[in-house]
Amino acid sequence: MQRALTGIKPTGDVHIGNYLGSIRPALGLQERHQAYYFIADYHALTSVFDAAKMRAHTRETAATWLAFGLDPEKTVLFKQSAIPEVCELAWILSCQISQGMLDRGHAVKAARDDDRDINAGTLFYPVLMAADILLYDSNVVPVGQDQKQHVEMTRDMALKMNHRFGEGTLVVPEVAIQKDVATVPGLDGRKMSKSYGNQIALWLPPKKLRKTVMRIVTDSRGIDEVKDPDSCNVFNLYKLFASDAQVASLRARYLAPGLGYGHAKQELFEAIDVVLAEPRERYNEWMAHPDRLDEVLDAGAARARVAAQEVLLRVRDRVGLI
Ligand code: ADP
Ligand code: TRP
């Protein structure tokens with residue numbers, strides 16, 4: 001069976017960009033793939049410097065996967081740091097990639113653009129991510145568009161390893177990006193991201209969710225003016241939650257006078273809330289039982305470890321460490 005793998009960093013509130021770009025497509029793969037989905041806590045260490053926050057966000061991220069229907073009997077859900085072997089593979093991979101390539105990495109560039117501190121972990125980020133993927137012989141990696149470059153770098157490292165140490169040393173993975181949700185826009189129209197603070201968090205109570213939706217930035221056209229649905233953030237988000245018939249109907253209202261952005265936002269809020277209502281209950285239930293969450297993560301780690309050790313043994317052998 002083909003293997004699917006993806007990770008989400010526990011760096012803040014999980015948001016609808018994470019859900020649409022990564023969680024939903026990944027869960028769609030769990031029937032036909034052996035899936036390994038994890039919470040990338042080592043990666044979060046590049047920007048989270050508070051142990052209590054790290055623990056809280058880790059549990060929240062795990063509960064989010066479960067709330068949306070991850071089946072822990074089938075799919076392996078685990079914490080990245082439960083398998084420290086990933087750091088050994090990262091070291092081996094770091095010797096297959098040039099410093100110049102890392103310097104062009106997307107996470108470093110983003111940190112540089114925002115004048116954020118670039119620690120060595122940020123520079124090394126793609127290597128650890130490659131190790132995540134390659135340690136489980138992953139065939140497919142469901143992610144949002146922003147991670148494409150990282151998966152390409154992973155492929156480069158795997159190909160280099162196979163060239164140097166023999167075919168079959170590592171499995172070369174494919175990226176899987178779902179087009180319509182490749183880049184979900186945030187409140188200000190830029191890519192929705194925890195790092196921009198423009199996210200719609202998944203687990204807000206309905207009142208707060210509505211308030212957040214009302215903050216979406218639009219142009220200033222008034223109620224009596226015709227509006228352009230395709231350049232409107234509200235409409236673009238609506239398309240991702242509503243049915244085709246609902247989308248067609250709201251589109252028609254944009255193209256005629258009489259619709260205010262407040263009305264459109266209300267429609268959007270309702271469409272999001274319908275999708276989130278049941279998962280929200282399951283999420284709250286999981287969060288009320290941290291011991292159960294930890295059990296799921298521990299059982300996942302035990303299964304992940306078996307897969308990881310097999311691959312690492314093969315790699316250690318190929319490179320001459322054994
Ligand atoms: P963030 O950018 O908010 O810090 P992460 O880096 O933890 O989120 O992303 C976890 C997963 O969610 C990745 O696969 C990423 O590509 C996806 N993702 C994040 N933001 C978006 C978005 N706005 N649109 C589509 N996918 C996204
Ligand atoms: N870098 C990813 C992000 O910021 C998270 C991540 C870490 C990941 N390791 C991974 C995603 C392995 C896919 C596969 O979103």
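A salt bridge is taken here as a side-chain nitrogen of Lys or Arg within 4 Å of a carboxyl oxygen of Asp or Glu, and by this criterion the count between domain 1 and domain 2 of the predicted model is 0. The domain assignment of the protein chain places residues 3–184 together with 290–319 in domain 1, and residues 206–283 in domain 2; the C-alpha centres of these two domains lie 33 Å apart.

Contact between the domains involves 12 residues of domain 1 and 9 residues of domain 2. The area buried between them is about 850 Å², of which 77% is given by carbon and sulfur atoms. On the side of domain 1, Ile16, Ala67 and Phe68 supply 48% of the area buried against domain 2, more than any other three residues. With respect to polar interactions, 1 residue pair in polar contact is found across the interface of domain 1 and domain 2, both residues being at pLDDT 80 or more. The helices α1 (16–29) and α3 (51–67) each supply at least two residues of the side of domain 1 that touches domain 2, and by class this side comprises 8 nonpolar, 1 polar and 3 charged residues.

Ligand 2 is surrounded by 14 residues, the closest being Lys9, Tyr125, Met129, Asp132 and Gln147. For three of these residues, distances from side-chain atoms to the ligand are available. A polar side-chain atom of Tyr125 lies 2.7 Å from a nitrogen atom of ligand 2, and an N or O atom in the side chain of Asp132 is likewise placed 2.7 Å from a nitrogen atom of ligand 2. For Gln147, the distance between a side-chain N or O atom and a nitrogen atom of ligand 2 is 3.0 Å.

Conventions: Residues are numbered from 1 along each chain as its sequence is written. Chains are lettered from A and ligands numbered from 1 in the order in which they are written. This is a predicted model: local features need pLDDT of at least 70, side-chain atom pairs count only at pLDDT 80 or more; totals for chains, interfaces and linings use all residues. Side-chain values use heavy atoms; hydrogens and water are left out. Domain bounds come from an automatic or database domain assignment. Contact means heavy atoms within 4.5 Å. Buried area is the accessible area (1.4 Å probe) that two parts lose on being put together, summed over both. A polar contact is a pair of N or O atoms within 3.5 Å; within protein, one must be able to donate a hydrogen and the other to accept it, and residues adjacent in sequence count only if both atoms are side-chain atoms. Helices (H or I, at least four residues) and strands (E, at least two) are DSSP runs, numbered from the N terminus. Ala, Val, Leu, Ile, Met, Phe, Trp, Tyr, Cys and Pro count as nonpolar, Asp, Glu, Lys and Arg as charged, and the others, Gly among them, as polar. A residue is near a molecule or strand if one of its heavy atoms lies within 4 Å of it.
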